[in-house]
Amino acid sequence: MDTWNIIPQLLISGITFGAIYALVGLGFVTIARASQIINFAQGEFVMLGGMVTFFLLKTIPLPYPLAALSAILIVVLIGFLLHLLVIYPLRKATLPILLMATLGASLFLSSSSALLFGTLPKALPPFSGSGPFEIGKVSVSPQSLWVLVATLLVLLSLYLLSHRTLLGKAMEASSTDALGADLSGISRHLMIFLAFGVSAGIGSIAGIFITPIFYVSYHSGTLIGLKGFIAAVLGGWGKHGGAILGGFVLGVTESLSVAFIPSGYKDAIAFIILLLILYLRPKGILGSPFIDSRRW
Amino acid sequence: MVDQVHKEFRKRDLLYSGALWLLSLIIPDPQLHYRREYQLRRRDLFYLLTILLLPLIWNDAHFHHLMVLAGIHGILALGLTLFLGYAGQISLGHAAFFGIGSYTTAILTTRYDISSFLAFWASGLTASFFAYLIGRPILKLKGYFLALATLGFGEIFLVLVRESPHLTGGVIGIFDIPFFSIAGFIFDTYLRQYYLIWGVLIGLVLFSKNLIRSKMGRAFLAVAASEDGASAVGIDVNGIKLGVFVMGAAFAGLAGSLFASVMSTANPDIFSLNLSVLIVMMVILGGMGNLYGPIAGAVFLTWLIDGLSRYQEYSLPIYGVILILLLIFFPDGIGTRLRVRLIYLISYWGRKRRREKVEL
């Protein structure tokens with residue numbers, strides 16, 4: 001009886017988590033749509049977004065919006081640097097090497113943020129009104145709504161970028177057919193460079209919006225990054241809509257699982273979903289534009 | 001004309017040929033598997049003597065301890081190089097099989113009083129059993145998705161270990177695992193453990209050398225070259241991949257068992273993603289498709305991590321930067337790349353002479 005009463009509350013928190021995973025998954029999808037690289041340092045962008053904002057807000061007292069904006073700029077810069085210093089020199093490398101290089105970059109980013117900002121977990125103040133409001137028996141914190149709004153806005157702007165601008169089309173072209181893109185005068189490396197910037201921006205936005213809800217510490221990036229990736233695979237690898245759908249499915253499933261199994265197993269749920277989806281339907285719920293190509 | 005260049009005696013050849021001979025003893029030879037049948041060569045004798053005599057010459061407990069760790073990492077890297085270096089598949093879940101081996105030994109020896117020699121073999125069997133179970137569905141994946149799926153398996157293993165304290169001791173782990181012993185001889189000093197670990201490692205290297213020259217070895221070289229081509233000539237691609245995966249896991253299980261009975265502890269922090277990444281790094285830096293390379297990589301990275309630990313909180317960022325730099329400058333392994341550079345350097349003078357002659 002008690003279990004069924006908490007389910008609406010769990011649903012709400014699942015949707016919030018789902019929006020977070022969706023945001024992180026969108027970052028993965030952006031890079032995948034430009035280059036078919038999987039950037040394992042994506043989770044670190046999320047962590048850095050929260051960390052840098054906290055640092056700017058508390059140590060150099062900047063007003064909140066200004067601190068958030070400059071944090072996004074700094075993280076985008078880090079994303080550009082990641083491409084210039086790691087991905088571009090390895091443009092001819094094989095897959096395991098690229099994989100290890102992004103893992104190395106992730107290790108470097110998380111450990112140096114521990115060095116710069118300290119190892120204590122940090123939380124930002126919520127954007128508006130700290131008290132949760134009640135709908136029926138369920139309490140909703142305003143920050144969850146902010147996260148949903150952010151997800152919607154990012155999805156909208158990514159959609160506009162990839163379907164309504166020449167730049168987005170060029171990015172997609174460089175991923176689907178590298179040679180064709182080269183022949184039509186698209187600079188492939190520039191496109192990947194820009195995709196890394198966009199993806200870092202999305203990651204840092206996610207970080208800023210979620211840090212008021214839960215604490216962020218230097219090692220929390222890896223798990224969030226992995227779950228975002230799982231969301232992107234679950235919904236359909238390479239599709240914006242897929243990342244959103246996968247994020248919500250993953251978030252709600254994870255959250256509801258707490259009602260039925262011990263909460264310690266919660267982290268395993270996402271990976272079990274990953275193994276199941278990879279085994280049963282590798283192209284994800286919505287289908288994937290990339291999964292049939294020879295590369296996978 | 002080319003023959004003339006090579007026939008004439010040049011004094012400067014004396015300068016580097018000695019150094020090259022010495023280096024050629026040490027640097028692992030890339031891609032020897034197709035050249036000739038295996039026989040004990042001078043280079044192998046040199047390695048063997050070094051392994052036997054080094055701890056006696058450099059008689060220092062810290063050194064022995066480090067080399068014990070390096071040997072365990074070497075066994076792990078050897079298992080993965082069959083899968084990654086020869087069969088061309090990537091796995092980020094190798095630490096889980098290491099953990100399964102460790103916990104099997106830990107539970108069997110502390111709860112059921114089974115001798116550590118039996119537990120050693122049981123660990124290998126358990127790890128390969130789990131590898132078979134997990135490998136059957138997973139191995140149809142390729143590339144990034146295979147890496148992600150194995151990573152997921154590693155994470156699930158960690159969660160299960162943490163959440164079942166009655167079996168594995170939870171977060172704290174299992175302590176007081178008895179030292180490895182055969183017929184009453186207990187391996188309780190670092191020196192004895194050194195010979196134990198490296199003895200097992202030499203045995204596994206000989207096994208792998210024979211394996212690569214067997215029918216199955218040829219088959220997984222073919223799979224690495226081209227899966228479609230391999231299946232076209234009648235090789236059971238999935239069966240071969242599964243076989244190599246299970247064998248790598250068995251190696252990891254044996255390494256885990258040795259780790260548990262040498263360090264007398266097993267806790268979940270050791271078997272995290274970082275260890276899997278470290279093992280893959282050893283294989284990449286040692287050179288793909290090469291048996292001695294990953295062991296050299298294991299020794300090198302173990303030493304590097306120990307050397308960096310002096311810098312305390314700066315060690316991890318420095319480690320990350322070094323990893324990225326090594327990947328950028330030695331993407332096909334340190335030994336392979338150095339050898340290529342040396343050959344280039346030596347042939348440079350010959351080419352220069354030839355160029356001048358052509359211009360004249």
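**Two crossing helices in chain B, and where chain A meets it**

In this predicted model, helices H13(B) and H14(B) lie oblique to each other. H13(B) covers residues 273-286 and H14(B) covers residues 292-308; their axes come within 7 Å and cross at roughly 120°. That angle falls outside the 65 to 115 range for roughly perpendicular and isn't over 145 either, so the pair counts as oblique. As for its hand, the crossing is right-handed.

Who does the touching here? On the H13(B) side, the contact is made by Leu278(B), Met281(B), Met282(B), Val283(B), Leu285(B) and Gly286(B). H14(B) answers with Gly293(B), Pro294(B), Ile295(B), Ala296(B), Gly297(B), Ala298(B), Phe300(B) and Leu301(B). Sorted by character, the residues of this contact come out as 11 nonpolar, 3 polar and no charged.

H14(B) is worth a look by itself. Its 17 residues should span 24 Å at 1.5 Å a residue, and the end C-alpha atoms are indeed 24 Å apart, so the two figures agree. The buried residues of H14(B) include Tyr292(B), Val299(B) and Thr302(B), along with Gly293(B), Pro294(B), Ile295(B), Ala296(B), Gly297(B), Ala298(B) and Leu301(B).

Then there is the meeting of the two chains. Here 34 residues of chain A are in contact with 32 residues of chain B. On the chain A side, the elements giving two or more residues are helix H4 (95-117) and helix H11 (266-280). H4(A) provides the largest share, 14 residues. Overall, the side of chain A that touches chain B divides into 28 nonpolar, 4 polar and 2 charged residues.

Methods:
Residues are numbered from 1 along each chain as its sequence is written. Chains are lettered from A and ligands numbered from 1 in the order in which they are written. This is a predicted model: local features need pLDDT of at least 70, side-chain atom pairs count only at pLDDT 80 or more; totals for chains, interfaces and linings use all residues. Axes are lines fitted to C-alpha atoms, for helices over the stretch in contact, and angles run from 0 to 180 degrees between N-to-C directions. Helices (H or I, at least four residues) and strands (E, at least two) are DSSP runs, numbered from the N terminus. Angles under 35 degrees count as roughly parallel, over 145 as roughly antiparallel, 65 to 115 as roughly perpendicular and the rest as oblique. A crossing is left-handed if the near helix is turned anticlockwise from the far one by less than a right angle, and right-handed if clockwise. Two residues are in contact if their C-beta atoms, placed from the backbone, lie within 7 Å. Ala, Val, Leu, Ile, Met, Phe, Trp, Tyr, Cys and Pro count as nonpolar, Asp, Glu, Lys and Arg as charged, and the others, Gly among them, as polar. The expected span of a helix is 1.5 Å times one less than its number of residues. A residue is buried if 20 or more other C-beta atoms lie within 10 Å of its own, exposed if 12 or fewer, and partly exposed in between; C-beta atoms are placed from the backbone.
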